Amino acid sequence: MSKLLPKKGRLLVAEPSILNDNSFNRAIVLLTEHTDNNSVGFILNKPLEYCIKDLLPEIDCDFIIYQGGPVEQDNLYFVHRIPQLLDNSIEVANGVFWGGDFKQLKDLLNNGLLDESDIRFFLGYSGWDKDQLEDELSGNSWFVTENNFENIFSNDEESLWKNKLLEKGGNYKLWANAPNDFNLN
C-alpha cells in the first residue's frame with residue numbers, strides 16, 4: 001500500500017517515535033493548508049485548561065480551547081462545519097472550514113446557537129516551511145491518513161490518536177495501547 005501524501009484536509013498522525021516532543025506527542029493534526037511552500041494545521045487532540053470566555057470575556061461561551069501548535073500561541077484560530085453561518089469561511093475539505101467572520105461567530109456564541117460539535121478553537125497553529133514537512137515524513141515523525149470521520153469535532157480527543165494507530169494496524173496496534181507515561185508500566 002502506497003503512503004498517502006500530505007494534502008489539505010488530511011490528517012497527520014504523530015508516529016510513536018516522537019514521544020519526547022511535548023508539542024506533538026500523540027498528536028493528530030488537521031492540515032488546513034498544504035502548498036509547495038508551506039503547510040499549516042491544527043492539533044485536534046490537545047485540549048487546554050481554559051475555555052473561550054476565559055480568553056474573551058465578551059463572549060459568554062464555555063467551549064474548550066485546544067493547543068493548535070507551537071506557532072503564534074497568542075492568536076486564536078477556529079475550524080468549523082458551519083460555513084452557511086460564517087461569511088468568508090475557507091473550505092479545507094469534506095465539510096470542514098477554517099476561519100470566517102468573527103463578529104458573526106461572536107453573535108452565534110453569545111446567543112447559544114452553536115454546539116461544540118460544530119466548531120473547535122485553537123491557540124496557535126502547527127506550521128512547516130518548504131520541504132520541512134516532507135523531511136519530517138521521511139524521518140518517520142508522522143504518517144498521513146484521510147480524515148474519514150463523519151464529524152471530526154465530535155470525536156473523543158483521548159482516543160483519537162489511539163484509534164488512528166489501530167486503524168493503521170501492524171506494529172501500531174502495540175503502540176496504541178501503550179501507557180502515556182512509560183514509567184507507570
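**Exercise 1. The pair D107 and K103**

Determine which contact joins the side chains of D107 and K103 in this predicted model, and how the two residues are placed in helix α2.

Solution.
- Step 1. The side chains of D107 and K103 form a salt bridge, with an N to O distance of 3.5 Å. The cut-off for such a contact is 4 Å between a side-chain nitrogen of Lys or Arg and a carboxyl oxygen of Asp or Glu, so the pair qualifies.
- Step 2. Helix α2 covers residues 102–110, and the two residues are four apart within it, which means a separation of about one helical turn.
- Step 3. D107 has a relative accessibility of 36% and is partly exposed. K103, at 59%, is exposed.

**Exercise 2. The pair E167 and K164**

State how far apart the closest N and O atoms of E167 and K164 are, then classify each residue as buried, partly exposed or exposed.

Solution.
- Step 1. A salt bridge links E167 and K164, and its closest N and O atoms are 3.1 Å apart.
- Step 2. Both residues belong to helix α4, where a spacing of three residues amounts to about one turn of the helix.
- Step 3. E167 is partly exposed, with 47% relative accessibility. K164 has 2%; the limit for buried is under 20%, so K164 counts as buried.

**Exercise 3. A salt bridge between separate parts of the chain**

How many salt bridges does a search of the whole structure find, and which parts does the one between E146 and R10 tie together?

Solution.
- Step 1. The search gives four salt bridges.
- Step 2. One of them joins E146 to R10, with 2.9 Å between the closest N and O atoms.
- Step 3. E146 is in the loop between β10 (142–145) and α4 (157–168), while R10 is in the segment before β1 (11–14); the pair therefore ties together parts that lie 136 residues apart in sequence.
- Step 4. The relative accessible area of E146 is 34%, which makes the residue partly exposed. R10 is buried, at 13% relative accessibility.

**Exercise 4. Cysteines C51 and C61**

Explain why C51 and C61 are not bonded to each other, and say whether each is buried or exposed.

Solution.
- Step 1. The number of disulfides in the structure is zero. C51 takes part in none, and its nearest cysteine sulfur, which belongs to C61, is 7.2 Å away.
- Step 2. From the side of C61, the closest cysteine sulfur is that of C51 at 7.2 Å, too far for a bond. A disulfide would need the two sulfur atoms within 2.5 Å.
- Step 3. C51 has a relative accessible area of 10% and is buried. C61 is buried as well, with a relative accessibility of 6%.

**Exercise 5. Positive phi angles and a charged patch**

Find the sign of phi for N94 and for D131, place both residues in the chain, and name the surface patch to which D131 belongs.

Solution.
- Step 1. Most residues other than glycine have a negative phi.
- Step 2. In N94, which is not a glycine, phi is positive, near 50°. N94 sits in the loop between β7 (90–93) and β8 (96–98) and is exposed at 59% relative accessible area.
- Step 3. D131 also has a positive phi, near 70°, and is likewise a residue other than glycine. D131 falls in the loop between β9 (119–129) and α3 (132–138).
- Step 4. The relative accessibility of D131 is 43%, hence partly exposed. Patch members need over 30% relative accessible area, so D131 meets that condition.
- Step 5. D131 gathers with D36, E134 and D135 in a surface patch of negative charge.

**Exercise 6. Two buried aromatic residues**

Locate Y66 and F153, and give the C-alpha separation of Y66 from V13 and of F153 from V79.

Solution.
- Step 1. Y66 is part of strand β5, residues 64–67. With 7% relative accessibility, Y66 is buried.
- Step 2. Y66 and V13 are 53 residues apart along the chain, and 17 Å separates their C-alpha atoms.
- Step 3. F153 is found in the loop between β10 and α4. At 4% relative accessibility, F153 is buried.
- Step 4. For F153 and V79, the spacing along the chain is 74 residues and the C-alpha separation is 9.1 Å.

Key. Residues are numbered from 1 along each chain as its sequence is written. This is a predicted model: local features need pLDDT of at least 70, side-chain atom pairs count only at pLDDT 80 or more; totals for chains, interfaces and linings use all residues. Side-chain values use heavy atoms; hydrogens and water are left out. Patches are made of residues with over 30% relative accessible area and no salt bridge: like charges are joined within 9 Å, nonpolar side chains (Val, Leu, Ile, Met, Phe, Trp, Tyr) within 5 Å. Accessible areas come from the Shrake-Rupley method with a 1.4 Å probe; for residues, only the protein chains shown count as cover. Lys and Arg count as positive and Asp and Glu as negative; His and the chain ends are not counted. The place of a charge is taken as NZ of Lys, CZ of Arg, CG of Asp or CD of Glu. Buried means under 20% relative accessible area, exposed over 50%, partly exposed in between (1.4 Å probe, protein chains only).
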